[in-house]
Amino acid sequence: VRLNEDDMEFDMIGIDAAIANSFRRILIAELPTMAIEKVLIANNTSIIQDEVLAHRLGLVPIRVDPRLFDYLSENDQPNEKNTVVFKLHVQCKRGSPRITVKSDALKWLPNGSELVKETRNATSDSSSKPETYTYFGCSQETIPEFVKNPIIPKYPDIIVAKLGPGQEIELEAHAVKGIGKTHAKWSPVATAWYRMLPEVVLLEDIEDDLAEELKSKCPVNVFDIEDLGKGRRRATVARPRACTLCRECIRGDDWEKRVALRRVKDHFIFTIESTGALPPEVLFTEAVKILEDKCERVITELS
Amino acid sequence: MNAPDRYERFVVPEGTKKVSYERDTKIINAATFTIEREDHTIGNILRMQLHRDENVLFAGYKLPHPLQYKILVRVSLFFVG
């Protein structure tokens with residue numbers, strides 16, 4: 001029905017309520033996304049506490065296709081296949097006014113981490129590269145999808161922190177793949193919901209003055225008047241989809257006998273609002289694949 | 001404080017089977033399936049499909065506790081055939 005870059009509304013007819021709900025649950029909780037998980041803070045002299053700043057950074061949506069990455073588990077090393085590294089370095093000089101740190105201050109580092117790990121052994125090889133927190137084999141810029149679209153936060157104007165004069169924030173953020181069940185920051189949709197199509201049925205023929213009254217009652221203009229000829233008019237249901245089920249048309253005496261408000265049991269109007277990592281139609285196709293995988297898994301385990 | 005780790009909701013630990021099956025002692029032709037690490041997403045769909053089968057007398061699912069991540073599906077048939 002409607003498709004923008006970030007949200008989508010479409011109809012599903014003929015499925016059961018359980019399947020519609022399963023799609024909604026999978027869209028919210030089981031589609032993987034990339035979000036910032038580990039924040040390595042080098043310097044934070046602002047009034048925002050470290051953990052609050054890390055929490056806010058985790059919630060920033062990142063514009064990257066999560067299907068290009070793998071999951072990072074505890075014993076894996078962070079490399080270019082499972083981590084995206086960002087850097088944030090903002091300083092407010094003494095004497096200048098306060099700065100608001102927005103999310104476009106996060107810079108992508110395609111070559112991996114720049115923070116050097118402190119190694120305990122005293123043998124310092126000045127010839128070898130210093131060890132950092134990630135082990136990137138090759139630069140992420142070489143992956144063809146990222147050449148044209150560098151990885152940035154989806155919305156550049158999200159306020160992350162505010163700095164007064166003399167305060168500084170210097171940190172490195174690692175983003176990994178996860179699903180919404182673990183933490184809501186990994187949910188790829190702002191929200192996803194469905195409603196059933198309302199059905200407005202006129203039980204009797206409603207004519208002339210009653211028809212005018214009915215049409216004026218509805219706040220969203222569901223009813224229309226059609227002319228039968230000979231000066232008589234009849235009310236018809238023109239736009240049942242717009243009906244909000246406010247029950248205004250059956251208020252008053254006797255209207256309950258003339259108008260019946262119901263919902264069509266198998267017609268679902270889905271709305272998906274994406275946070276921007278993937279377009280909503282891709283999100284839905286991925287949700288279908290995940291439902292298939294889940295069912296396959298149960299079936300194979302059963303036999 | 002006592003809440004289990006969030007990844008426990010979908011990661012099946014080593015040793016436990018994903019789906020296990022126990023026949024009901026007191027009622028003939030009835031059984032309970034325990035599916036580990038699943039929730040309403042699968043349970044409701046299973047229940048709906050079981051209702052559509054005409055041999056099924058009783059089909060239902062429940063989550064025994066919201067912090068224990070498994071579902072019990074109880075099915076009973078008219079007759080085994």
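**Exercise 1. How many salt bridges are counted between chain A and chain B?** Determine the count and describe one such pair.

*Solution.* The model is predicted, and side-chain atom pairs are considered only at pLDDT 80 or more. The criterion requires a side-chain nitrogen of Lys or Arg within 4 Å of a carboxyl oxygen of Asp or Glu. Between chain A and chain B, the count is three salt bridges. One pair is formed by the side chains of A:R25 and B:D39, with an N to O distance of 2.8 Å. This distance satisfies the criterion, because the limit is 4 Å. Side chains of opposite charge can pair when their charged atoms come close.

**Exercise 2. Describe the interface of chain A and chain B, beginning with its extent and ending with the elements of chain A that contribute to it.**

*Solution.* Begin with the residues: chain A provides 18 residues to the contact, and chain B provides 18 residues. Next, consider the area. About 1800 Å² is buried between the two chains, and carbon and sulfur atoms give 62% of this. Within chain A, the residues that lose the most area to chain B are A:R25, A:K181 and A:V298, which together make up 33% of what that side buries.

Then turn to the polar contacts: four residue pairs are found across the interface of chain A and chain B. Finally, assign the residues to elements. In chain A, α1 (17-29) and α6 (280-302) each supply at least two residues of the side that touches chain B. The largest share, seven residues, comes from α6(A). By character, the residues of this side of chain A comprise eight nonpolar, three polar and seven charged.

**Exercise 3. Trace the fold of chain B and locate its helix relative to the sheet.**

*Solution.* First, list the elements: chain B has one helix and four strands. Along the sequence, their pattern is β-β-α-β-β. Second, arrange the strands. They form an open sheet in the order β1-β2-β4-β3 of chain B, with antiparallel pairing. The edge strands of chain B are β1 (19-23) and β3 (56-62), each of which pairs on one side only. On average, neighbouring strands of this sheet are turned by 15 degrees against each other, direction ignored.

Third, examine one pairing. Strands β3(B) and β4 (residues 70-77) of chain B run antiparallel and are joined by six bridges. The bridge partner of B:V56 in β4(B) is B:L77. Fourth, place the helix: α1 (residues 40-52) of chain B packs on the sheet and touches β2 (30-36), β3 and β4 of chain B. The direction of this helix makes about 170 degrees with that of β3(B).

**Exercise 4. Identify a salt bridge that links distant parts of chain B.**

*Solution.* Over all chains, the count comes to 18 salt bridges. One of them joins the side chains of B:E38 and B:K18, at 3.0 Å from N to O. Locate each residue in turn: B:E38 lies in the loop between β2 and α1 of chain B, whereas B:K18 lies in the segment before β1 of chain B. The two residues are 20 residues apart.

**Exercise 5. Which strands of chain A form the edges of the sheet ordered β3-β10-β5-β7?** Identify them, then describe an inner pairing and the helix.

*Solution.* This open sheet of chain A has four strands with antiparallel pairing. Its edge strands are β3 (33-44) and β7 (107-108) of chain A. Inside the order, β5 (residues 84-91) and β10 (residues 168-178) of chain A pair over eight bridges. In β10(A), A:A175 is the bridge partner of A:V84. Helix α2 (residues 50-58) of chain A packs on the sheet and touches β3 and β10 of chain A, and its direction makes about 150 degrees with that of β3(A).

Note on methods:
Residues numbered from 1 in each chain as written. Chains lettered and ligands numbered in written order. Predicted model: local features only at pLDDT ≥ 70, side-chain atom pairs only at ≥ 80, totals over all residues. Heavy atoms only, no water. Pairing = 2+ DSSP bridges. Contact = heavy atoms within 4.5 Å. Axes fitted to C-alpha atoms, helices over the stretch in contact; angles between N-to-C directions. Buried area = accessible area lost by both parts, 1.4 Å probe. Polar contact = N/O pair within 3.5 Å; in protein donor to acceptor, adjacent residues only side chain to side chain. Nonpolar A, V, L, I, M, F, W, Y, C, P; charged D, E, K, R; others polar.
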